[in-house]
Amino acid sequence: MAKDTTYEEIVRNLKNRVYAPVYFLMGEEDYYIDRISEYIMDTVLSDTEKEFNQTVVYGADTDIASVINTARRYPMMAEYQVVVVKEAQNLKNLDGLVYYLQKPLKSTILVFCYKHGTLDRRKKVTAEIEKAGVLFESKRIKDAQLPGFISAYLKRKQVEIEPKASEMMAEFVGADLNRMAGELEKLIITLPKGVRRITPEQIERNIGISKDFNNFELRNALIAKDVFKANQIVKYFEENPKSNPLQLTLSVLFNFFANLMLAYYAPEKSDQGIAAQLGLRSPWQAKDYVIAMHRYSGVKVMQIIGAIRTCDVKSKGMGNASATDGDLLRELVYMILH
């Protein structure tokens, strides 16, 4: 069976009840590994069939021989049995799976959840997995791709989100997709009856992020070179340090200017070209980079990235005797804008 390379392809086949005998789900991003394995566990067997035909084991508590013996059993009064190995990264002697993969039982759906790492693609076991079933690598998404993930997630729930609200959530939660999904579910629950659109005001009310004074708005002020607005936000951050830690602000600014540096190398400097260069889901997400490229030279962006790194070092007490986080951010913002 040809390997599936994307989450969407795997889910489409599962929904059509086209199953592979082996699913090896690996990578740094837990979210997609969890979603695929949970979908298999929830949908392949009926509740009655699960009692005798669904087995879940953990890598640290079993061995490959036991997993293979379980996989070789035939289902009882069902078309399939499902065997799920969670935390498969703790499973020893994984190479022993090769012999099972050469002739897997078609009535068994064997699922490995191998988190926080990947198999060596040069190994025979990896090649055999690709031949027999599905090898899927769940990669961490870039911060710039988070708004696209948020919009797509909510679209499946028949909910829309305003672009600014999406950016606020991306900034607040970051690239932990399991946590992001949880926060989005909370937002859906808080929507008034009949309302299917999330606004910045709802996020401010229910998540606790200021819609006017946040890292997203600071980034926008810097893109626009709006000195007054940027200094207003810095002052607000200084007065509310617990809600606006400097490290988070530096992370947001570093990611933006690092991506802006990459945008200069895009073969085509249009919205579409920069979106392709940065791996963004849609061209409209590239508009901020297009604007910033007209206002900051490549040399200035390199200097800004250096200044952000220096600020980060000083915020950790190195080479800094007395400056507060507020002082450091004010100095950084001044450097960026002048």
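Axes in this tour are lines fitted to C-alpha atoms, for helices over the stretch in contact, and angles run from 0 to 180 degrees between N-to-C directions. The model is predicted: local features need pLDDT of at least 70, side-chain atom pairs count only at pLDDT 80 or more, and totals for chains, interfaces and linings use all residues. Residues are numbered from 1 along each chain as its sequence is written, and side-chain values use heavy atoms, with hydrogens and water left out. Helices (H or I, at least four residues) and strands (E, at least two) are DSSP runs, numbered from the N terminus.

**Stop 1: helices 13 and 16**

Select residues 246-263, which form helix 13. Its 18 residues reach 26 Å from the first C-alpha to the last, close to the 26 Å expected at 1.5 Å a residue; the expected span is 1.5 Å times one less than the number of residues. Add residues 298-315, helix 16, which packs against helix 13 at an angle of about 160°, with the axes 10 Å apart. The two helices are therefore roughly antiparallel to each other (under 35 degrees counts as roughly parallel, over 145 as roughly antiparallel, 65 to 115 as roughly perpendicular and the rest as oblique).

Now colour the buried residues of helix 13, among them Leu246, Leu250, Leu253, Phe257 and Leu260. Buried means under 20% relative accessible area, exposed over 50%, and partly exposed in between (1.4 Å probe, protein chains only).

**Stop 2: strand 1 and its partners**

Move to residues 22-27, strand 1: 6 of its 6 residues are buried, so this strand is largely enclosed by the rest of the structure. Val22, Phe24 and Met26 point one way, while Tyr23, Leu25 and Gly27 point the other. In a regular strand the side chains alternate between the two faces of the sheet.

Strand 1 runs parallel to strand 4 (residues 108-115), joined to it by 6 bridges; strands pair if DSSP finds at least two bridges between them. Look for Tyr23 opposite Val111 of strand 4. Strand 5 (residues 134-138) is also parallel to strand 1, with 4 bridges, and there Phe136 stands opposite Leu25.

**Stop 3: strands 2 and 3**

Select residues 54-58 and 81-86, strands 2 and 3, which pair in the parallel sense over 5 bridges. Val57 has Val85 in strand 3 as its bridge partner.

**Stop 4: Arg205**

Finish at Arg205 in helix 10 (residues 200-206). Arg205 is exposed, with a relative accessible area of 59%. Its C-alpha lies 9.9 Å from that of Thr190, 15 residues apart along the chain.
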